[in-house]
Amino acid sequence: RGPMPALRAVRTLLPIADALAAAHGKRIVHRDLKPENIFLAVTEDNRSQPKLVDFGIAKLEREDSQRITQLGATMGSPAYMSPEQARGFDVDARTDVWAFCVVLYETLTGQLPFSGTTYTALVCAILESQPKSIMELGIPEAELWQVIARGLNKDPAWRWQSIRELGATLAH
């Protein structure tokens with residue numbers, strides 16, 4: 001339905017961060033976070049309750065280093081894939097942090113941070129381009145942009161290290 005005001009966008013997506021934190025606590029990486037996998041249910045008191053669905057390509061991180069999916073297998077929706085996911089590398093919870101920030105960016109601006117007319121062009125943009133800041137797109141929220149930009153860092157070591165840390169920062 002178009003862009004959402006910043007406060008409403010953050011409030012709407014914080015329960016999704018909580019759901020991801022619960023999954024990550026059980027060593028489950030969703031790997032396909034996108035708007036189509038976020039349902040807005042209506043509660044009995046007529047409030048909107050976001051629900052995270054479709055764990056169909058989720059990855060269970062195992063302590064014995066055994067992999068559920070083969071290395072080099074690209075899984076997920078291209079526009080929401082982290083750079084490491086787009087390259088077919090093994091991923092961890094930080095790939096969900098990336099996707100969450102893509103969803104938040106799109107919720108705020110009405111557009112994706114990375115785009116391309118073909119799959120290859122989209123992947124190249126994810127790997128090589130920097131997104132426009134939300135301020136450039138008319139959203140005067142510099143602090144919120146800093147939070148999102150950190151989540152969209154191409155190097156997972158420089159991203160938020162957990163969705164819980166990201167969610168706590170957004171909640172303040």
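1. Buried, in this note, means under 20% relative accessible area. With that cut-off in hand, a good place to start is helix H6, which spans residues 163-171 and has Ile163, Leu166, Gly167 and Leu170 as buried residues. These residues cover an arc of only 95 degrees around the axis, so they sit on the same side of H6. Their packing partners are helix H1 (6-25), H3 and helix H5 (142-151). Please keep in mind throughout that this is a predicted model.

2. Now for the overall layout. The protein chain has six helices and four strands. Going along the sequence, their order is α-β-β-β-β-α-α-α-α-α. The chain has 172 residues, and 44% of them count as buried. About 9400 Å² of the protein chain is exposed, with carbon and sulfur atoms supplying 51% of that area.

3. A word on contacts along the chain. Among contacts with a separation of 6 or more, 64% are between residues 24 or more positions apart. The salt bridge in the next point offers a concrete pair to look at in your viewer.

4. Which residue does glutamate 84 meet in a salt bridge? The partner is arginine 159, with an N to O distance of 2.7 Å. Glutamate 84 belongs to helix H2 (residues 83-86) while arginine 159 is in the loop between H5 and H6, so this pair ties together parts that are 75 residues apart in sequence. Both glutamate 84 and arginine 159 are buried.

5. Threonine 95 is worth a click as well. This residue is in helix H3 (residues 94-109). Its relative accessible area is 1%, so threonine 95 counts as buried. The threonine 95 side chain makes a polar contact with the side chain of glutamine 85, at 3.2 Å. Beyond its neighbours within four places in sequence, threonine 95 is in contact with Val29, Arg31, Ser82, Glu84, Gln85 and Arg159. Two of those names, Glu84 and Arg159, will be familiar from the salt bridge described above.

6. The structure holds five salt bridges, and two others deserve a mention. Arginine 94 pairs with aspartate 92, their closest N and O atoms being 2.7 Å apart. Is each partner buried or partly exposed? Arginine 94 is buried because its relative accessibility is 19%, which falls under the 20% cut-off. Aspartate 92, at 24%, is partly exposed.

7. Arginine 47 forms a salt bridge with aspartate 45, and here the closest N and O atoms are 3.1 Å apart. Arginine 47 has a relative accessible area of 48%, so this residue is partly exposed.

8. Finally, the cysteines, for anyone thinking about sulfur chemistry. A disulfide is a covalent bond between the sulfur atoms of two cysteines. How many disulfides does a search of the whole structure find? The count is zero. Cysteine 101 counts as buried because its relative accessibility is 0%. Cysteine 124, by contrast, has 35% relative accessibility and is therefore partly exposed.

How values were computed. Residues numbered from 1 in each chain as written. Predicted model: local features only at pLDDT ≥ 70, side-chain atom pairs only at ≥ 80, totals over all residues. Heavy atoms only, no water. Helix = DSSP H or I, 4+ residues; strand = E, 2+ residues; numbered from the N terminus. Buried < 20%, exposed > 50% of the residue type's maximum accessible area, 1.4 Å probe, protein only. Contact = heavy atoms within 4.5 Å. Areas by Shrake-Rupley, 256 points an atom, 1.4 Å probe, with all protein chains shown as cover. Polar contact = N/O pair within 3.5 Å; in protein donor to acceptor, adjacent residues only side chain to side chain. Arc of directions from axis to C-beta. Disulfide = S-S within 2.5 Å. Salt bridge = Lys/Arg side-chain N within 4 Å of Asp/Glu carboxyl O.
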